[in-house]
Amino acid sequence: MNSLSLFVTSLTTGWIVLGAGAVALTTKKSGSDEELGALPPVTVLKPLCGADPSLRENVESFFVQDHPRYEIVFGVERADDAAIPIVEALIAAHPEVRARVVVHVPPRGENPKVRNLRGMLPHASHDLVLVSDSNVRAPRSYLSEAVRAMAADPDVGLVTNLFAGAGGGTIGGDCEGGQRTGGGAPGVALPTMLGDALVIGKSMLFSRALFESLGGFARVADVLAEDFVIGKMFQHAGYRVVIAPTVLENVVG
């Protein structure tokens, strides 16, 4: 039993070390040869349900992005959702950013996030869409670096990001943040860099037209791990899944 435990520990340590090397490689900042104005426009899809304690700060980070042409579509399934007043206040405070709240009757499906996204997607104005969770906090360069990673290679079908845990303050929150940073990031970076896509659904950028040609959100309506399956949809169709250089904050409670 001791030998088995030692073997498993060694294997896990080696995996994390290799993954940490992959994180270092995949998070090198890309060059700034392209002017921001040349980047294609993008729609950010923000599915919401309720008001997390850090929702305002998280969402506001998306109103100050350096990408010159983007919009934000917020989706809720109830007109009395507690997130709506927070988002509407931010929209009023940032009139320079095109943003709106969509209250919709969701289509059927067992996955609530996918239900929300299916109700939001028809309101996107652009072909490039970026799915972003409510507990994501992003630096100013997030959108432009993700779009740049997509535009750099026509074989890229989906762009995702790595996350570092932030917030916490409790044993559970600190453990989740540590797992996200120390285990999750290396575990995603290494296989993805080697061509075996592992996608974090908190950040997914893709072409709407291409995604829908592969089956779209309807294909994962009843799937719990929709992000994993979406990554495989692109991979199995012959497209690359890449990790953008921006490391995002996953704010935990």
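Two strands count as paired if DSSP finds at least two bridges between them. Keep that in mind as we walk through this predicted model.

**Stop 1: the whole chain**

Show the full protein chain first. You will find eight helices and eight strands in it. Of its 253 residues, 48% count as buried. Now think about contacts between residues with a separation of 6 or more: 81% of these contacts in the protein chain involve residues 24 or more positions apart. Switch on the surface, and you are looking at about 11,700 Å² exposed by the chain, with carbon and sulfur atoms supplying 59% of it.

**Stop 2: strands S1 and S2**

Select residues 42–47, which form strand S1, and then residues 70–76, which form strand S2. S1 and S2 run parallel and are joined by six bridges. To see one pairing up close, pick Thr43: its bridge partner in S2 is Glu71.

Stay with S2 for a moment. How many of its seven residues are buried? The count is seven of seven, so to speak a strand that is mostly covered. In a regular strand the side chains alternate between the two faces of the sheet. Show the side chains of S2 to follow this: Tyr70, Ile72, Phe74 and Val76 point one way, while Glu71, Val73 and Gly75 point the other way. Both sets are buried.

**Stop 3: His126**

Next, select His126, in the loop between helix H4 and strand S4 (128–132). Which residues does His126 touch, not counting those up to four places away in sequence? They are Pro41, Val42, Thr43 and Glu71. You have already met Thr43 and Glu71 as bridge partners. Try a distance label here too: the C-alpha atoms of His126 and Pro41 are separated by 6.4 Å, although these residues are 85 residues apart along the chain.

**Stop 4: the largest pocket**

Move on to the largest pocket, with a volume of about 390 Å³. It is lined by 19 residues, and the closest to its centre are Pro47, Leu48, Cys49, Lys113 and Asn116. Colour the lining by class and you get five nonpolar, five polar and nine charged residues. Then highlight helix H4 (residues 112–120), which gives the largest share of the lining, four residues.

**Stop 5: helix H5 and Asn161**

Select residues 142–151 to bring up helix H5, where nine of ten residues are buried. Among the buried ones are Tyr142, Leu143, Glu145 and Arg148.

Now click on Asn161, in strand S6 (residues 156–167). Is Asn161 buried or exposed? Asn161 counts as buried because its relative accessibility is 0%, and the cut-off for buried is under 20%. Leaving aside neighbours within four places in sequence, Asn161 is in contact with Tyr142, Ile200, Ser203, Ile243, Ala244, Thr246 and Leu248. The C-alpha atoms of Asn161 and Ile200 are separated by 7.0 Å, with their positions 39 residues apart along the chain counted as the separation.

**Stop 6: the end of the tour**

Select residues 226–236 for helix H8, whose buried residues include Ile230, Met233 and Phe234. After H8 comes Gly238, with a positive phi near 95°.

Finish on strand S8 (residues 240–252), which is mostly covered, with ten of its 13 residues buried. S8 pairs with strand S5 (residues 136–137) in the antiparallel sense over two bridges. For a last close-up, select Val136 and its bridge partner in S8, Asn250.

How values were computed:
Residues are numbered from 1 along each chain as its sequence is written. This is a predicted model: local features need pLDDT of at least 70, side-chain atom pairs count only at pLDDT 80 or more; totals for chains, interfaces and linings use all residues. Side-chain values use heavy atoms; hydrogens and water are left out. On a 1 Å grid over the protein atoms alone, a cavity is a set of points where a 1.4 Å probe fits but cannot get out, and a pocket is an open set with protein on both sides within 12 Å along at least five of seven lines; lining residues have an atom within 4 Å of a point. Grid points are joined across faces, edges and corners, and a volume is the space filled by probe spheres set on the points. Ala, Val, Leu, Ile, Met, Phe, Trp, Tyr, Cys and Pro count as nonpolar, Asp, Glu, Lys and Arg as charged, and the others, Gly among them, as polar. Buried means under 20% relative accessible area, exposed over 50%, partly exposed in between (1.4 Å probe, protein chains only). Contact means heavy atoms within 4.5 Å. Accessible areas come from the Shrake-Rupley method with a 1.4 Å probe; for residues, only the protein chains shown count as cover.
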